[in-house]
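Student: I would like to learn how to read a structure like this one. Could we go through it together, feature by feature?

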Amino acid sequence: MDIGTVVRLSDWEWDMVRAASDRRQKSNIEAGSTSTRQDASQTDEDIHLVGCASELAFCRGFNVYCDLVGEARKAKDDDGDAVVRGLTVDVKSTRRKAGRLIVPSWKNPVDLYALMVGDGRDWMFKGLMTGARLIVPDRKQVLVEGGNECYVADQSELVNFEEYVLCLK
């Protein structure tokens, strides 16, 4: 899947996303887990719905299995959302067209971070960044007063999967 590709979720996929996001929300409440917000207007329910939808869209676009984990996970147990050609990928999402790739500082590092931008059923792939390039002190920010520290990258820094693979050779 190339940067700019849009994936539209089917009725069945949308039903699955809503059920998974409800399970994820309930599990996080029971575990006392809080969500990382890009701004103060976001609700936990919205964060989970957007997260599940973008994960499923990414996985369909790359033709890989989507786990849509519903249980709250500790940082040490969070191993990303998908595996693409043997590399773990953590999918991040935003509804903002100019949104940035944002990863909470407490997350377990993975090989690649992906950004999907969209709303509801329509999600656009914006690219990838390696954990080695993203998880560095210079990228650490607090986005919302009293919020969690996050690692942040602009969309212009993201690359296609194939560009990343070529860098490995």
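Tutor: We will take confidence, the sheet, the cores, the cysteines and the backbone angles in turn.

Tutor: This is a predicted model, in which local features need pLDDT of at least 70, side-chain atom pairs count only at pLDDT 80 or more, and totals for chains, interfaces and linings use all residues. Residues are numbered from 1 along each chain as its sequence is written, and side-chain values use heavy atoms, with hydrogens and water left out.

Student: What is the mean pLDDT of the protein chain, and which elements have the lowest and highest means?

Tutor: pLDDT is the predictor's confidence in each residue, from 0 to 100. Where it is low, the predicted coordinates should not be read in detail. Here the protein chain averages 84, and 80% of the residues score at least 70. Among its elements, S1 has the highest mean, 98, and H4 the lowest, 75. These labels are DSSP runs numbered from the N terminus: helices (H or I) have at least four residues and strands (E) at least two.

Student: In what order do the strands of the sheet lie?

Tutor: Two strands pair if DSSP finds at least two bridges between them. In this model, 5 strands form an open sheet with mixed pairing, in the order S1-S6-S5-S3-S2. Strand S1 (6–8) and S2 are the edge strands, each pairing on one side only. On average, neighbouring strands of this sheet are turned by 40 degrees against each other, direction ignored; the axes behind such angles are lines fitted to C-alpha atoms, for helices over the stretch in contact, and angles run from 0 to 180 degrees between N-to-C directions. S2 and S3 run antiparallel and pair over 3 bridges, with valine 84 opposite leucine 87 in S3.

Student: Which residues touch the most other members of the largest nonpolar core?

Tutor: In soluble globular proteins, nonpolar side chains tend to be buried together. A nonpolar core is a set of buried Ala, Val, Leu, Ile, Met, Phe, Trp, Tyr and Cys residues joined through side-chain atoms within 4.5 Å. Buried means under 20% relative accessible area, exposed over 50%, and partly exposed in between (1.4 Å probe, protein chains only). The largest core has 28 residues, and Phe58, Val89, Leu128 and Phe161 touch the most other members. H2 gives the most to this core, with 8 residues. Apart from it lies another core, of 11 residues, among them Val110, Tyr113, Leu134 and Tyr151.

Student: How many disulfides does the structure hold, and why is cysteine 59 not bonded to cysteine 66?

Tutor: A disulfide is a pair of cysteine sulfur atoms within 2.5 Å. The structure holds 0 of them. The closest cysteine sulfur to that of cysteine 59 belongs to cysteine 66, at 4.0 Å, which is too far for a bond. Cysteine 59 is buried, at 1% relative accessibility, and cysteine 150 is also buried, with a relative accessible area of 1%.

Student: Where are asparagine 63 and arginine 85, and what is phi in each?

Tutor: Most residues other than glycine have a negative phi. Asparagine 63 has a positive phi, near 55 degrees, and sits in the loop between helix H2 (44–62) and strand S2 (82–84). Arginine 85, in the loop between S2 and strand S3 (87–94), has a positive phi near 50 degrees.

Student: Are these two residues buried or exposed?

Tutor: Asparagine 63 is exposed, at 72% relative accessibility, and arginine 85 is exposed at 59%. Arginine 24, in helix H1, is buried at 11%.
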